[in-house]
Amino acid sequence: MSLEPERHVEVWVIQAIPRHAEQLLRYLSSSVPLGRELAHLKRGHRDSTGAVNVLLALVSADDPEVPNRNAHAVLERLGVAREWVHTATLRRCVVPAVAPRTGLQSQHWSRTLWPVIYRPEAPEPPILAETEVGTALELLERLEHETQGTDVNAALVVRWPLPSAPAQVICSVQGPHAPLRCIDEASRIFRDRDNGEEHPHYMLTGLDLFTVREPCVCCAMAATHSRIRRLFFIHPDASFGGILRVGVHRLKALNHRYEAYQRQLAS
Ligand SMILES: [Zn+2]
């Protein structure tokens with residue numbers, strides 16, 4: 001992948017008077033927003049000389065050609081007070097029009113063009129075979145049907161080694177923290193025999209977990225600890241969910257990661 005951005009865009013940059021920098025940045029973010037497409041551009045940064053450089057706005061077709069002599073016209077168009085900035089420092093600057101796709105691009109652009117923010121995208125889980133999608137949807141719909149009209153969560157631990165093989169439900173639990181309790185239940189079913197004593201078998205390696213609601217952080221961690229292979233769930237939980245927002249299932253610091261699929265399995 002090339003280190004250079006595929007597209008550039010021209011912007012106005014100016015040095016802020018340090019004591020007004022915060023006020024200027026607040027004003028710009030509410031009154032001169034850059035929009036989603038340019039959300040990767042930092043609005044202001046302090047350079048090695050201590051100057052606060054601020055990205056004012058995109059250069060408009062009507063803006064004067066010679067910036068310094070006509071700085072006042074540009075500031076007026078944007079509604080920026082002259083006392084907030086060092087007027088003579090207004091300049092045009094070329095910045096990346098697209099977000100960086102790698103950490104390396106981000107570093108390179110930040111050094112050579114303008115500071116950018118790098119947000120690595122969550123990788124998509126592997127695409128499921130058609131038969132897998134059918135079986136997974138059936139199991140999810142069954143769970144949803146069982147809990148319909150309530151806000152109770154429900155979970156299944158399933159042994160489903162091959163896409164073409166039937167999925168075998170090991171156990172099913174309803175209620176608060178259903179995923180965690182279902183994992184616990186499964187570990188009791190797979191007891192270890194050791195010197196005549198029985199212990200719960202906490203490793204559920206290769207088994208899948210199905211749940212109506214996105215597991216909370218605790219439940220998602222329980223799936224990590226028990227080495228669950230894949231998680232399937234229907235409804236996201238914006239407040240307590242441990243998957244979509246937190247990404248517990250793919251935390252690099254943990255020694256097991258699993259795939260997570262939300263209901264839109266076929267898309
Ligand atoms: Zn939970």
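**Figure 1. Helix H5 and helix H6 pack at an angle of about 30° in this predicted model.** The axes of helix H5 (residues 178-189) and helix H6 (residues 217-225) are 8 Å apart. Angles under 35 degrees count as roughly parallel, and H5 and H6 are therefore roughly parallel to each other. The crossing in which H5 passes H6 is left-handed. On the H5 side, the contact is made by Pro179, Leu180 and Ile183. On the H6 side, Cys218, Cys219, Ala222 and Ala223 take part in the contact.

**Figure 2. Strand E3 is mostly covered and pairs with strand E1.** Strand E3 spans residues 52-58, and six of its seven residues are buried. Strand E1 (residues 8-16) runs antiparallel to E3, and six bridges join the two strands. Within this pairing, Val13 has Leu55 of E3 as its bridge partner.

**Figure 3. Strands E2 and E3 form a hairpin.** Strand E2 (residues 44-46) is paired with E3 in the antiparallel sense, over three bridges. The bridge partner of Arg46 in E3 is Val52. Five residues lie between the strands of this hairpin. Gly50, in the hairpin of E2 and E3, takes a positive phi near 95°.

**Figure 4. Leu244 lies in the loop between strand E10 and strand E11.** The loop that holds Leu244 follows strand E10 (230-235) and precedes strand E11 (259-262). The relative accessible area of Leu244 is 48%. Buried means under 20% relative accessible area and exposed means over 50%, so Leu244, at 48%, is partly exposed. When residues up to four places away in sequence are not counted, Leu244 touches Glu214, Phe233, Pro236 and Gln262. Leu244 and Lys42 are 202 residues apart in sequence, and their C-alpha atoms are 25 Å apart in space.

**Figure 5. The domain assignment of the protein gives domain 1 and domain 2.** Domain 1 comprises residues 8-112, and domain 2 comprises residues 130-262, according to this assignment. The C-alpha centres of domain 1 and domain 2 lie 48 Å apart.

Note on methods
Residues are numbered from 1 along each chain as its sequence is written. This is a predicted model: local features need pLDDT of at least 70, side-chain atom pairs count only at pLDDT 80 or more; totals for chains, interfaces and linings use all residues. Side-chain values use heavy atoms; hydrogens and water are left out. Domain bounds come from an automatic or database domain assignment. Buried means under 20% relative accessible area, exposed over 50%, partly exposed in between (1.4 Å probe, protein chains only). Helices (H or I, at least four residues) and strands (E, at least two) are DSSP runs, numbered from the N terminus. Two strands pair if DSSP finds at least two bridges between them. Axes are lines fitted to C-alpha atoms, for helices over the stretch in contact, and angles run from 0 to 180 degrees between N-to-C directions. Angles under 35 degrees count as roughly parallel, over 145 as roughly antiparallel, 65 to 115 as roughly perpendicular and the rest as oblique. A crossing is left-handed if the near helix is turned anticlockwise from the far one by less than a right angle, and right-handed if clockwise. Contact means heavy atoms within 4.5 Å.
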